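These are my notebook entries on one chain, written while I went through the structure with the sequence beside it. I keep each entry to what I looked up.

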Amino acid sequence: MIKVFAMCLCLGLLANASFASDDHSGHSDDLLLLLQHKIAITKLQKALPRLASIEQLENRTRQARHFKTALPKLKRFMAVPESRYPNIDMYAQSLQSRSALLSDYAQLLLQFHDHP
């Protein structure tokens, strides 16, 4: 009976660990997608001044699509609570990283809106 109880307890702990890693992988997946969009938008913005007017319109349309996809992910990425981190140091590091990413996106949005 004790062996059965111990096995059930271990299975329960493994299930909880599995859910925690799934939650974290979603957060990591969001980060990878956000970085991909950030790089794509940056490249598009750098190319914009050298393009003809019709190409500029297409470039800005592509930037807008990237923003439309990335910003909901950014909102979700920024909302991860302290309770998801094993200690305060990891949470503090995460806040710094998220702050830097948010700042990067703010700069990209400003650049997007500065060019008509």
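What share of the 116 residues in the chain do buried residues make up? I find that they make up 22%, and I note at the outset that I am reading a predicted model.

**Entry: overall layout**

I looked up the elements and found 3 helices and 0 strands in the chain, running α-α-α from the N terminus on. Turning to contacts between residues at least 6 apart in sequence, I noted that 65% of them join residues at least 24 apart.

**Entry: the nonpolar core**

Which residues form the largest nonpolar core? I listed 10 residues for this core, namely Leu34, Ile41, Phe67, Ala70, Leu74, Phe77, Leu101, Tyr105, Leu108 and Phe112. I then checked where they come from, and α1 (2-47), α2 (53-78) and α3 (88-114) each supply at least two residues of this core.

I picked out Phe77 from this core and looked up its contacts, leaving aside neighbours within four places in sequence. Phe77 is in contact with His27, Asp30, Leu31, Leu34, Arg98 and Leu101, and of these Leu34 and Leu101 are also listed in the core.

Phe112, another core residue, has a charged partner on its ring: Arg60 lies over the face of Phe112, at 4.2 Å from the ring centre.

**Entry: helix α2**

I wanted to know how the span of α2 compares with what its residue count predicts. At 1.5 Å a residue, the 26 residues of α2 should span 38 Å, and I read 36 Å between its end C-alpha atoms, which agrees. I nevertheless noted a kink of about 30 degrees at Ala70 in α2, shortly before the proline Pro72.

Which residues of α2 are buried? My list reads Asn59, Arg60, Gln63, Phe67, Ala70, Lys73, Leu74 and Phe77. As background to such a list, I reminded myself that an α-helix has 3.6 residues a turn, so residues three or four places apart point the same way. Ala70, where the kink lies, is on this buried list, and so is Arg60, the residue over the face of Phe112.

**Entry: where α1 meets α2**

I went next to Leu44, which is in helix α1. Leu44 counts as buried because its relative accessibility is 10%, where the cut-off for buried is under 20%. Not counting residues up to four places away in sequence, Leu44 touches Asn59, Arg62, Gln63 and His66. For Leu44 and Arg62 I noted a separation of 18 residues in sequence and of 8.0 Å in space, C-alpha to C-alpha.

Gln45 is also placed in helix α1. Is Gln45 buried or exposed? It is buried, because its relative accessible area is 11%. With neighbours within four places in sequence left aside, I found Gln45 in contact with Gln63, Phe67, Leu108, Gln111 and Phe112; among these, Phe67, Leu108 and Phe112 belong to the largest nonpolar core.

From the α2 side I looked up Asn59, which lies in that helix and counts as buried at 4% relative accessibility. Its contacts, again without neighbours within four places in sequence, are Leu44, Ala47, Leu48 and Leu51. Asn59 and Gln45 are 14 residues apart in sequence, with 8.0 Å between their C-alpha atoms.

Leu51 has its place in the loop between α1 and α2. I recorded Leu51 as partly exposed, with a relative accessible area of 26%, and in contact with Gln56 and Asn59 once neighbours within four places in sequence are left aside.

Glu58, found in helix α2, is likewise partly exposed, as its relative accessibility is 39%. I noted that Glu58 and Leu48 are 10 residues apart in sequence and 9.7 Å apart in space, C-alpha to C-alpha.

**Entry: aromatic pairs**

How many aromatic pairs does the count come to? The count comes to 2. One that I looked up is formed by Tyr85 and Tyr91, a tilted pair with 5.6 Å centre to centre and 55 degrees between the planes. I checked the burial of both partners: Tyr85 counts as buried at 16% relative accessibility, and Tyr91 counts as buried at 17%.

Notes
Residues are numbered from 1 along each chain as its sequence is written. This is a predicted model: local features need pLDDT of at least 70, side-chain atom pairs count only at pLDDT 80 or more; totals for chains, interfaces and linings use all residues. Side-chain values use heavy atoms; hydrogens and water are left out. Rings of Phe, Tyr and Trp (its six-membered ring) pair if their centres lie within 6.5 Å; planes under 30 degrees apart count as stacked, over 60 as edge-to-face and the rest as tilted. Buried means under 20% relative accessible area, exposed over 50%, partly exposed in between (1.4 Å probe, protein chains only). A charge sits over a ring if NZ of Lys or CZ of Arg is within 6 Å of the ring centre and within 35 degrees of the ring normal. A nonpolar core is a set of buried Ala, Val, Leu, Ile, Met, Phe, Trp, Tyr and Cys residues joined through side-chain atoms within 4.5 Å. Helices (H or I, at least four residues) and strands (E, at least two) are DSSP runs, numbered from the N terminus. Contact means heavy atoms within 4.5 Å. The expected span of a helix is 1.5 Å times one less than its number of residues. The bend at a residue is the angle between axes fitted to the seven residues ending there and the seven starting there.
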